Amino acid sequence: MQTPEDLGESQPIFDDVPYVGMIGIANSFIAFNNEELTGFQLLYGWIGPATLAEQAQTAAHQLVGVKRPQGWSNQLDTEPLINFYIARKKKFFSNESMDFAWALDV
């Protein structure tokens with residue numbers, strides 16, 4: 001979950017991060033040796049009210065006795081979340097004390 005810094009403000013705050021909950025699962029696959037690395041990750045899930053982030057944060061705040069966040073009515077809408085990530089790294093110089101590699105991450 002992510003919330004803006006000012007939890008007491010009930011109106012949207014446009015110069016800070018939004019209220020948003022995210023729930024998802026990710027699978028990562030990596031193959032590497034001493035010269036190169038290739039990996040990818042697939043993340044899928046949901047953002048928004050369906051994640052129950054508001055209820056989780058409110059319960060946690062009640063449990064520890066701190067102020068209840070006021071802006072969850074402004075959170076991002078429920079939407080699916082899909083992210084694909086790939087990484088490729090390969091050494092171009094190596095000696096006993098250091099390695100240099102190029103990397104491409106998308």
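The expected span of a helix is 1.5 Å times one less than its number of residues. Keep that rule at hand for the helix stop of this tour. The model on screen is predicted.

**Stop 1: helix 1**

Select residues 53-64, which make up helix 1. The helix has twelve residues, and its first and last C-alpha atoms are 17 Å apart, close to the 16 Å expected at 1.5 Å a residue. Now show the side chains of Ala53, Gln57, Thr58 and His61, which are buried. Looking down the axis of helix 1, you find the buried residues within an arc of 130 degrees, so they line one face of the helix. Turn to the face directed away from the buried side: Gln62 and Leu63 are there, and they are exposed. Move on to Gly65, which follows helix 1 and has a positive phi, near 75 degrees.

**Stop 2: from the helix to the loop**

Select Glu54 and Arg68. Their side chains meet in a salt bridge, at 4.0 Å from N to O. Glu54 belongs to helix 1 and Arg68 to the loop between helix 1 and strand 3, so the pair ties together parts that are 14 residues apart in sequence. Glu54 is partly exposed, with a relative accessible area of 27%. Arg68 is also partly exposed, with a value of 43%.

**Stop 3: strands 1 and 2**

Select residues 22-32 for strand 1 and residues 36-47 for strand 2. The two strands pair in the antiparallel sense over eleven bridges. Three residues connect strand 1 to strand 2 in a hairpin. To check the register, pick Ile23 and look across to strand 2, where its bridge partner is Trp46.

Next pick Ile25, which is also in strand 1. Is Ile25 buried or partly exposed? Its relative accessibility is 46%, so Ile25 counts as partly exposed. Leaving aside residues up to four places away in sequence, Ile25 touches Leu42, Leu43 and Tyr44. For a distance back to the helix stop, draw a line from the C-alpha of Ile25 to that of Thr58: the two residues are 33 apart along the chain, and the line spans 23 Å.

**Stop 4: strands 2 and 3**

Add residues 79-94, strand 3, to the selection. Strand 3 pairs with strand 2 in the antiparallel sense over twelve bridges. Two positions show the register: Gln41 stands opposite Tyr85 in strand 3, and Phe40 stands opposite Ile86 in strand 3.

Then centre on Leu37 in strand 2. With 24% relative accessibility, Leu37 counts as partly exposed. Which residues does Leu37 touch, not counting those up to four places away in sequence? They are Ile30, Ala31, Phe32, Ala87, Arg88 and Lys89. Of these contacts, Ile30, Ala31 and Phe32 fall within residues 22-32, the range of strand 1, while Ala87, Arg88 and Lys89 fall within residues 79-94, the range of strand 3. A C-alpha to C-alpha line from Leu37 to Ala53 spans 36 Å, although the two are 16 residues apart in sequence.

**Stop 5: a salt bridge between strands**

Side chains of opposite charge can pair when their charged atoms come close. How many salt bridges does a search of the whole structure find? The search finds four. One of them joins Glu36 and Arg88, with the closest N and O atoms 2.6 Å apart. Glu36 is in strand 2 and Arg88 in strand 3, so this pair ties together parts that are 52 residues apart in sequence. Both residues can be checked for exposure. Glu36 counts as partly exposed at 28% relative accessibility, and Arg88 is partly exposed at 27%.

**Stop 6: strands 3 and 4**

Finish by selecting residues 99-105, strand 4. Strand 4 and strand 3 pair in the antiparallel sense over seven bridges. Between them lie four residues, and the two strands form a hairpin. Ala87, already seen as a contact of Leu37, has Asp105 in strand 4 as its bridge partner.

The last selection is Lys91 with Asp99. These two form a salt bridge, the closest N and O atoms being 3.1 Å apart. Asp99 is partly exposed, with a relative accessible area of 43%.

Notes. Residues numbered from 1 in each chain as written. Predicted model: local features only at pLDDT ≥ 70, side-chain atom pairs only at ≥ 80, totals over all residues. Heavy atoms only, no water. Buried < 20%, exposed > 50% of the residue type's maximum accessible area, 1.4 Å probe, protein only. Contact = heavy atoms within 4.5 Å. Pairing = 2+ DSSP bridges. Arc of directions from axis to C-beta.
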